[in-house]
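Here's an informal walk through one model, starting at the ligand and moving outwards. Have the viewer open as you read.

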Amino acid sequence: MNDYNAIVIGGGHNGLVTAAYLAKVGRRVLLLEQRGVLGGAAATEAVFPGCRVDTGAVDASLFADEIVRDLFLKMAGLHFVEGKVAVFAPQPDGRSLTLYPDVHKTAQEIARLGHPQDAQKYPAFVQQVNHLTAVLQTMMRTPPPDLHTLSLSDLTAWGKVALQTRRLGGREMMALLRILPMPVAEYLDTWFQSAALQGAIGAAGITGSYLGPMGGGTTLMLLYQASGGFGRSRFVLGGMGQLAQALAGAARQNGAEIRLHTAVARILLNEENAAIGVRLADGTDILADAVLSSLDARRTFFHLVGAQHLEPRFMRQVRAIRYRGSTARVNLLLNGLPQFNGQESAAQLSGHIRIAPSLTYVEKAYDAAKYGRFSPQPYLNATISTLADPTLAPTGQHLMHITMQYAPYHLRDGNWESERERLGDHTIATLAQYAPNLPALIANRQVITPLDWEQQYGLTEGSIMHGQMGLDQLLVLRPVPGWSQYRTPIANLYLCGAGAHPGGGVTGIPGYLAARELLRQKAGV
Amino acid sequence: MPVPTPFHGRTAVLCESYDWRSWAGYLAVSVYEPSHEREYYAIRNSAAAIDVSPLFKYEISGPEAARLVDRIITRDVTKCRVGQVMYTPWCDEDGKLIDDGTVARLGENLFRLTAAEPNLRWFTDVGYGLEAQVRDVSQELAALSVQGPNSRAILKQVLTGVDLDGLGYFRLAQGEVAGVPVTVTRTGYTGDLGYELWIRPSAAELLWDALFAVGAGYGLMPAGMVALDIARIEAGLLLIEVDYKSAHHALIEAQKSSPYELGLGWAVALDGADFIGRRALRAEKARGSEWAFVGLEVDWLSLEKLFAQVGLPPQVAGRASRTAVPLYKNGRQIGQATSHTFSPILKKQIAIGQVRRTYAAPGTPLEIEITVEHVRQRARAVVVQTPFYNPPHKKA
Ligand SMILES: Cc1cc2nc3c(=O)[nH]c(=O)nc-3n(C[C@H](O)[C@H](O)[C@H](O)COP(=O)(O)OP(=O)(O)OC[C@H]3O[C@@H](n4cnc5c(N)ncnc54)[C@H](O)[C@@H]3O)c2cc1C
């Protein structure tokens, strides 16, 4: 008998969810994380002395509530803080637009900016988005049918999605089919005239992707980002990494073993090409009945399994996955709060501060990336975590996390080593156009490039979603066509990270569904 | 438009019949003379030179070259020593034949593969992640096949630096002709004593001339595809797109074949290292194949009878046919003959093809469709072992 029923590779939030669910039903679980911290792309780290910095994800509104309940995460120390503001969008003309969780308050704000027609339509827009995301939520929680077998139980599960779609009524159903593949710029054009409003809402459609808002499928990303509730921002007390800590607590409570600083070098296969365990970077072999990898498919199969163990047709599919990271991060320690043009209260900065004055602006930012350069006028999404939890930095100081697009993984000229600080300067200069006092407040800064994501966080090509979330890489097509059920052509090897259905973001759903699939497959083990 | 091979300067002037065909995009002679008979008998009784340059050739090298070759082919490459050549099929992930050819081990980490079709992308993808390089050397090598009982005697006078008497069946050696390096492999597509010569294209005509300067006295003749086709059926050798369809071109599953279904089970090393298709072939082996490869001899009396009904002697002698015909048992179709020919040396009508497994035992009487004056008839045939023609000098 092996020492473990399951080895989970990677201590990002999905790996932890998998480990916690498996431990909860009595499986002997070992989770291995290469870094010294848990959380992966959703970690809180001691970047600056005396501070807890969110290095990756900041907003936890996508995280599935049922996981919080199933694993008693509140008891394990998870507390959310709802942002009073969804988006604060300073404008080049010195004014600003604020989107609140409350639909009517937001409508008033839109009217105040001189767009009464948009204000009038806003509630209907939110209603449509909510209808569509309701279907999306069910889809995200339903493993896509297995195309090899098309089993009845798979299809029954999807019947629910179909039913829900039908309940939307004919018009909404048509809307869903029409809207999902649309460029977000065109979708919002059908609703609003205000460029500022389009930018503030629509920029979410390019999150983590190597596409501009005029790219097909970006509306789907807008809805995906809204699937935790449109117009919402939600943070974690103690920083995003506290979610990982709570998950780790729940896993350990049920007997799971978690090892940090433990990189997996290889997934061990037997003669029949079935996974039997892992080999660590230090050469130790650990055997298990099943191996679950929360790394993206490319890393899992090419780095840990080895392409030479894959059948060519599967190898080609994995090779064809588009990663193309486009996101950089600038973290700042500030000696006070920045003052943005058009900002009236500090509370306005408690959600997402978004520099996307129009979708044309964002598309232009993308133009540079198309040709292998980072955007000179980037799209920025900043949050100040110390507004949700002041203990994250020394008293009086603030932490600002600026997510920047586009920073293409493949640079045409130069390399990310030489471009890193230049990108940091550009990002700050862009933000300073809207908050002139910002540069003077900076006490410390950290720049994370797509190459850093790859080398330090294990994200292939710096893709924060573990693979682009285009329509051709979702649902039955994620991670590759025909293998959307967490299983892989390597027996006993499962995928449980963001590279699997439904995809990236801090949802916990891939981790949860993978654990469920493993238990279904290996009910007796 | 097909392009000329490196031997074209010589073959073109000899091709009196003007009967050319396209082989893999190259001009290939079908028959040099108006009839193929002398060319065929040269293969069987003296010696024939056949331009096989259109074959696709790949070189696989690098520290993991052997692993890559092993992953491609169904045979166990660890059994192939340096200086050895292996005939082998290779399969897709489902254990269905993609192509077949020879693997020559030129060095510990250096192999040359011949193929009937382009395989660069496949070999490269199978090798993805391995430290091995695949190079298409098709254009860098001219190939001339010298086949027939006199082939060794001729080559002994043409090639230097090779001990042809010591060169065993499916072995290779390096020699020279007039100072130009030539790789000699004791291989061929005729089932006779024979060799294949691999040389840089610029020296192709030099090789040809050297051969014919000596060969005339040994009855050496150039031979085309028509003669070769008869010889290869007599030898029971498969032809891609005729006797099987490559899994890469098949439109439906039923068009694909496994090595077991083509009489190549002996070339499947299930216990060796993993290769593409092994899992599927293991399963097929355990389950039993649906189809089996057979050789058939058509009953001559039965043929005579069918033709006698319309007042003709059997009209069979001539070129080999690549058109499949149905095979029957008790009135039910149970398979098809994919290649058939009159064998001049055996004086028999022979065929190769596939039947449902239960009818594959040697001695099983079957019926083969034959068209007599536009009317479909059935002649008696019996399953026999291949090769039909297997002279002792092949391996001697
Ligand atoms: C800058 C940025 C901002 C983001 N913002 C948000 C946001 O606000 N909201 C949101 O929902 N999502 C956001 N995301 C996306 C989200 O963070 C990720 O999609 C999600 O965290 C992926 O989780 P995961 O568990 O699937 O994978 P990961 O978090 O990538 O976890 C994989 C883990 O495996 C480890 N690992 C890699 N290789 C090995 C190995 N060989 N051996 C052992 N361990 C290994 C890694 O170190 C890592 O800890 C953001 C991402 C980034 C980078």
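In this predicted model, a good place to begin is Gln34(A): one of its backbone N or O atoms sits 3.1 Å from a nitrogen atom of the ligand. Gly505(A) also brings in a backbone N or O atom, in this case 2.8 Å from a ligand oxygen. Val506(A) does something along those lines too, with a polar backbone atom 2.7 Å from an oxygen atom of the ligand. Here are those contacts side by side.

| Residue | Protein atom | Ligand atom | Distance |
|---|---|---|---|
| Gln34(A) | backbone N or O | nitrogen | 3.1 Å |
| Gly505(A) | backbone N or O | oxygen | 2.8 Å |
| Val506(A) | polar backbone atom | oxygen | 2.7 Å |

How much of the ligand's accessible area does the protein cover? On its own the ligand has 1000 Å² of it, and the protein covers 95% of that. Two elements of chain A give two or more residues each to the surrounding shell: helix H1 (13-24) and helix H17 (450-457). There are 35 residues around the ligand, and the ones that come nearest are Asn14(A), Glu33(A), Ala41(A), Ile464(A) and Val506(A). Sorted by class, the shell holds 16 nonpolar, 15 polar and four charged residues.

Next, a helix pair in chain A. Two packed helices are described by the angle between their axes and the distance between the axes. For helix H4 (residues 116-141) and helix H9 (residues 218-225) of chain A, the axes come within 9 Å and cross at roughly 85 degrees. An angle of 65 to 115 degrees counts as roughly perpendicular, so that is how H4(A) and H9(A) lie relative to each other. On the H4(A) side, the residues involved are Val129(A), Leu132(A), Thr133(A), Leu136(A) and Met140(A), and they meet Leu220(A), Leu223(A) and Tyr224(A) of H9(A). This contact is made up of seven nonpolar residues, one polar residue and no charged ones.

Now for some backbone oddities. Most residues other than glycine have a negative phi, and most peptide bonds are trans. Arg478(A) and Pro479(A), however, are joined by a cis peptide bond, with omega about 0 degrees. Pro479(A) is found in the loop between H17 and strand E18 (493-495) of chain A. A cis bond also links His501(A) to Pro502(A), again with omega about 0 degrees, and Pro502(A) belongs to the loop between E18 and helix H18 (509-521) of chain A. Phe72(A) has a positive phi, near 50 degrees, and lies in the loop between helix H2 (65-70) and strand E5 (80-82) of chain A.

Last stop: chain B. Which residues does Gln336(B) touch, leaving aside those up to four places away in sequence? They are Trp291(B), Val325(B), Pro326(B), Leu327(B), Gly353(B) and Gln354(B). Gln336(B) itself is part of strand E16 (residues 332-343) of chain B. Its C-alpha atom is 30 Å from that of Tyr26(B), a residue 310 positions away along the chain.

Note on methods
Residues are numbered from 1 along each chain as its sequence is written. Chains are lettered from A and ligands numbered from 1 in the order in which they are written. This is a predicted model: local features need pLDDT of at least 70, side-chain atom pairs count only at pLDDT 80 or more; totals for chains, interfaces and linings use all residues. Side-chain values use heavy atoms; hydrogens and water are left out. A residue is near a molecule or strand if one of its heavy atoms lies within 4 Å of it. A polar contact is a pair of N or O atoms within 3.5 Å; within protein, one must be able to donate a hydrogen and the other to accept it, and residues adjacent in sequence count only if both atoms are side-chain atoms. Accessible areas come from the Shrake-Rupley method with a 1.4 Å probe; for residues, only the protein chains shown count as cover. Helices (H or I, at least four residues) and strands (E, at least two) are DSSP runs, numbered from the N terminus. Ala, Val, Leu, Ile, Met, Phe, Trp, Tyr, Cys and Pro count as nonpolar, Asp, Glu, Lys and Arg as charged, and the others, Gly among them, as polar. Axes are lines fitted to C-alpha atoms, for helices over the stretch in contact, and angles run from 0 to 180 degrees between N-to-C directions. Angles under 35 degrees count as roughly parallel, over 145 as roughly antiparallel, 65 to 115 as roughly perpendicular and the rest as oblique. Contact means heavy atoms within 4.5 Å.
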